[in-house]
Amino acid sequence: MTDSSATTAPRSNFIRDIIDEDMRTGKWDGRVHTRFPPEPNGYLHIGHAKSICLNFGLARDYQGKCNLRFDDTNPIKEEQQYIDAIIEDVRWLGFDWGDRLFYASDYFDQLYAWAVQLIKAGKAYVDHLSPDEIREYRGTLTEPGKNSPYRDRSIEENLDLFERMKSGEFAEGECVLRAKIDMASGNINMRDPVLYRVLHAHHPRTGDKWCIYPMYDWAHGQSDSIEGITHSICTLEFEDHRPLYDWFLDNLGAYHPQQIEFARLNLTNTVLSKRRLIRLVTEKHVSGWDDPRMPTISGLRRRGYTPQAIRDFADVIGVSKSNSMVEMALLEHCARQDLNRHALRVMAVLNPIKVVLENYPEGQVEELEAVNNPEDPDAGTRTVPFARELYIDRDDFMEDPPKKFFRLAPGREVRLRYGYFIKCESIVKDDAGNIVELRCTYDPATRGGNAPDGRKVKATIHWVAAQSALDAEVRLYEHLFNSRTPGENTEDFVNDINPDSLQTLTGCKVEPSLASAKPGDRFQFERVGYFCVDPDSSDGSLVFNRTVSLRDDWARIQKRS
């Protein structure tokens with residue numbers, strides 16, 4: 001694990017309290033060994049990032065280890081692209097697992113042997129009930145289940161049937177292997193859960209060796225045991241599965257890690273259900289898993305979020321035992337804070353209108369010094385060209401301004417960032433009455449932004465020189481969903497999709513220093529927001545994604561609170 005993730009002192013939480021007590025008593029011989037166990041059936045999202053930061057962070061802070069393990073027990077839904085993306089995402093977040101990359105499929109032989117052990121102990125049986133019948137026999141939250149008519153098969157018959165399952169004699173859904181626990185248990189997970197089902201599917205790692213595959217609950221705890229995990233940290237929905245986790249390991253007489261549950265992340269104005277995210281992609285509501293509107297790690301990366309911002313977010317929200325809703329504005333705040341410290345400042349005009357300085361010498365070009373990042377003195381300075389023809393943003397000019405509009409207007413003077421005072425003298429319009437050009441004058445004595453005679457202006461605006469400006473496409477992203485909790489008040493969550501979640505601007509003008517910008521580079525467009533170069537960019541064709549605006553909604557939320 002990299003040192004970059006350890007920027008602040010660890011925050012106390014109930015999981016750290018448990019580990020501290022374990023360290024004090026020597027419960028695990030002073031070891032802390034965690035794991036992050038994703039299923040490779042989709043891309044990781046910001047909720048997974050919370051778990052990644054927790055598991056790898058605990059291992060880092062207690063000088064322990066953290067494994068990366070793929071729970072690849074369902075070959076029907078798993079793909080290599082997901083494995084590759086998960087590995088890339090975890091590394092990008094700043095964490096490393098060393099030589100401890102594992103797969104549940106590595107343990108299929110051992111899991112099968114343990115299943116045979118349970119059968120021999122009279123604690124597992126082959127059931128020929130159909131899936132619908134199994135659900136019917138399971139009972140409800142208020143009514144106990146009832147025993148399968150196949151539950152009392154002899155050990156010998158179960159061993160024979162299980163071997164025949166493994167040999168491929170049965171069709172999918174024809175039979176399963178179940179644990180024999182208690183069909184009257186108040187915990188439905190303990191009502192003879194399924195351990196193996198028949199799947200005649202090719203596995204990307206084991207090929208066609210197996211036609212029976214373990215269920216998640218059967219593979220999960222035993223994989224933890226094989227790897228010597230000390231603290232198996234899961235999200236809160238697995239709390240009801242913990243008795244099953246314990247039952248399996250106790251009845252196998254295997255090494256027994258401790259399962260601890262914490263509340264998963266719930267974030268406003270988005271969805272974190274993998275099923276819903278897959279639907280967004282397959283139905284083309286978004287351009288892909290890495291669409292910058294998606295809450296996936298790859299989407300956040302493409303949008304311009306930094307690993308540090310996501311780690312900071314995970315640290316700020318902390319870990320608890322109770323579910324809660326976290327404001328999207330807090331995630332944006334963390335991005336804004338980190339980008340403010342590190343992003344280079346540049347000038348870009350998203351909605352340009354031409355300005356001609358009538359008293360500036362034709363053909364003359366000056367180089368003005370501009371600060372790269374006022375938060376980082378080591379970032380230095382750059383030069384920006386200044387000439388007779390410029391572009392400013394249309395929002396910075398009004399022909400008939402209201403009282404509190406202090407930017408450029410007819411007869412009014414403003415300061416150009418790093419440049420001069422300019423004054424609007426006249427307006428040029430087209431035949432339709434649209435303003436196409438502003439005719440202005442500049443005061444050569446005000447270079448650098450101050451007037452020798454002491455006169456003041458009330459606004460400073462950004463600009464780019466027309467002759468050297470680069471054309472760019474800029475994509476302005478908003479929340480993908482209008483509703484704070486998508487689907488809460490509609491039959492289908494996609495009905496809450498924000499039709500204005502993406503606005504694409506063409507013909508934008510950016511300063512020439514961005515000619516060498518590469519995909520992934522992040523900048524602050526002064527007075528506008530933070531932007532990232534998109535991979536769609538090519539030589540001579542820049543595309544920028546807005547990461548976040550300069551406006552900090554989280555600060556206002558805190559003030560309101």
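In this predicted model, R527 sits in the loop between β23 (522-525) and β24 (529-533). R527 is not a glycine, yet its phi is positive, at about 70 degrees. The briefing below covers this residue and one like it, then the largest pocket, the cavities, the nonpolar cores and helix α12.

**Residues with positive phi**

- R527 counts as partly exposed, because its relative accessibility is 39% and that class runs between 20% and 50%.
- D29, also not a glycine, has a positive phi of about 60 degrees.
- The loop that holds D29 runs between α1 (14-25) and β1.
- D29 has a relative accessible area of 72%, so it is exposed, the cut-off for that class being over 50%.

**The largest pocket**

- The volume of the largest pocket is about 810 Å³.
- Its lining is made up of 28 residues, and those nearest the centre of the pocket are E39, H48, E237, F238 and K274.
- At least two lining residues come from each of β1 (33-36), α2 (46-61), α7 (216-226), β8 (231-235) and α9 (274-282).
- The element that gives the most to this lining is α2, with four residues.
- By class, the lining of the largest pocket has twelve nonpolar, eight polar and eight charged residues.

**Cavities**

- The model has three cavities of 30 Å³ or more.
- The largest cavity has a volume of about 150 Å³, and the second largest has about 50 Å³.
- Lining the largest cavity are 17 residues, with R293, M294, L300, R303 and M328 nearest its centre.
- Both α10 and α12 supply at least two residues of the lining of the largest cavity; the largest share, three residues, is from α12.
- The lining of the largest cavity divides into ten nonpolar, three polar and four charged residues.
- The second largest cavity is lined by D217, H220, F238, H241, Y245 and Q259, of which two are nonpolar, three polar and one charged.
- F238 appears both in the lining of the second largest cavity and among the residues nearest the centre of the largest pocket.

**Nonpolar cores**

- The largest nonpolar core has 43 residues, and the members that touch the most others are I46, I52, V90 and F313.
- Elements that each supply at least two residues of this core are α2, β2 (65-70), α3 (80-92), α10 (297-303), α11 (307-317), α12 (328-342) and α13 (553-560).
- Helix α12 provides the largest share of this core, seven residues.
- Neighbours within four places in sequence aside, V90 is in contact with F36, L44, I52, F56, F95 and W97.
- A second core, separate from this one, has 36 residues, including V116, I181, M190 and L199.

**Helix α12**

- Of the 15 residues of α12, eleven are buried, so the helix is largely enclosed by the rest of the structure.
- These buried residues are M328, A329, L330, L331, E332, H333, C334, A335, R336, D338 and L339.
- M328, one of the buried residues of α12, is also among the residues nearest the centre of the largest cavity.
- The end C-alpha atoms of α12 are 22 Å apart, which agrees with the 21 Å that its 15 residues should span at 1.5 Å a residue.

Notes:
Residues numbered from 1 in each chain as written. Predicted model: local features only at pLDDT ≥ 70, side-chain atom pairs only at ≥ 80, totals over all residues. Heavy atoms only, no water. 1 Å grid on protein atoms, 1.4 Å probe; cavity = no way out; pocket = protein on both sides within 12 Å on 5 of 7 lines; lining within 4 Å. Points joined across faces, edges and corners; volume = space filled by probe spheres on them. Nonpolar A, V, L, I, M, F, W, Y, C, P; charged D, E, K, R; others polar. Core = buried A, V, L, I, M, F, W, Y, C linked by side-chain atoms within 4.5 Å. Buried < 20%, exposed > 50% of the residue type's maximum accessible area, 1.4 Å probe, protein only. Contact = heavy atoms within 4.5 Å. Expected span 1.5 Å × (residues − 1).
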